[in-house]
Amino acid sequence: VQEYPFVEGVGHNKLPKWASSEYRNQLSYKNGVGVPKDYGESYYWITLAAAGRIPEMKSEQIEALLASVAAQLTTEAVSQARARARAWLAAHPTKAQ
């Protein structure tokens, strides 16, 4: 079993169909694909993707991904990314299922 269902550097058109747009965005910012590399933006998008409950990834995998990106950031930058994600999620609640 692979730890992550993707390989670093794989083009977005080769990502699995389940990969959410948030997940794709975090890869873009993490790797600098089509946008400047920005670990703060990557952390923000990972957080939004995790809130969407990516069914194919276990919580341990998401936490490991967050930790790997957070290691590239200051504590303040992580706090800012988390605050942005919380604000966005509060402004865009999910519909009850």
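Biologist: Which helices do the buried residues of α2 pack against?

Modeller: The model is predicted. In it, the buried residues of α2 pack against α1, α3 and α4.

Biologist: What makes α2 mostly covered?

Modeller: Eleven of its 13 residues are buried. Among them are G40, E41, S42, Y43, Y44 and W45. The list also includes I46, T47, L48, A49 and A50.

Biologist: Why is Y44 called buried?

Modeller: Buried means under 20% relative accessible area. Y44 comes to 6%, so Y44 counts as buried.

Biologist: How do you know that the span of α2 fits a helix of 13 residues?

Modeller: From first C-alpha to last, α2 reaches 18 Å. At 1.5 Å a residue, 18 Å is expected. The two values are close.

Biologist: What is the overall layout of the secondary structure?

Modeller: The protein has four helices and zero strands. Along the sequence, the pattern reads α-α-α-α. The protein has 97 residues, and 31% of them count as buried.

Biologist: Which residues touch the most other members of the largest nonpolar core?

Modeller: They are Y23, Y43, Y44, I46, L48 and L66. The core has 16 residues. At least two residues come from each of α1 (21-31), α2 (39-51), α3 (59-70) and α4 (75-91). The largest share, seven residues, comes from α2.

Biologist: Now α3. How do you know that its length agrees with its residue count?

Modeller: The expected span is 1.5 Å times one less than the number of residues. For the twelve residues of α3 that gives 16 Å. The end C-alpha atoms are 16 Å apart, so the length agrees.

Biologist: Why do we say that the buried residues of α3 line one face?

Modeller: The buried residues are Q61, I62, L65, L66 and V69. Seen down the axis, they fall within an arc of 135 degrees, so they line one face of the helix. They pack against α1 and α2. On the other side of α3, E60 and E63 are exposed.

Biologist: Why is the meeting of E41 and R84 called a salt bridge?

Modeller: The cut-off is 4 Å from a side-chain nitrogen of Lys or Arg to a carboxyl oxygen of Asp or Glu. The E41 and R84 side chains meet at 2.5 Å, N to O, so the pair qualifies. The structure holds one salt bridge.

Biologist: What makes this pair a link between distant parts of the chain?

Modeller: E41 sits in helix α2 and R84 in helix α4, 43 residues apart.

Biologist: Are the two partners buried or exposed?

Modeller: E41 has a relative accessible area of 17%, so E41 is buried. R84 has 38%, so R84 is partly exposed.

Biologist: Which residues is E41 in contact with, leaving aside neighbours within four places in sequence?

Modeller: E41 is in contact with Y29 and R84.

Biologist: Why is the aromatic pair of Y44 and W45 called edge-to-face?

Modeller: Two cut-offs settle that. Ring centres must lie within 6.5 Å, and planes over 60 degrees apart count as edge-to-face. Y44 and W45 are 5.2 Å apart, centre to centre, with 75 degrees between the planes, so both conditions are met. The count for the structure comes to one aromatic pair.

Biologist: What share of the contacts between residues at least 6 apart in sequence join residues at least 24 apart?

Modeller: The share is 54%.

Definitions and conventions:
Residues numbered from 1 in each chain as written. Predicted model: local features only at pLDDT ≥ 70, side-chain atom pairs only at ≥ 80, totals over all residues. Heavy atoms only, no water. Core = buried A, V, L, I, M, F, W, Y, C linked by side-chain atoms within 4.5 Å. Buried < 20%, exposed > 50% of the residue type's maximum accessible area, 1.4 Å probe, protein only. Arc of directions from axis to C-beta. Contact = heavy atoms within 4.5 Å. Phe/Tyr/Trp six-rings, centres within 6.5 Å; stacked < 30°, edge-to-face > 60°.
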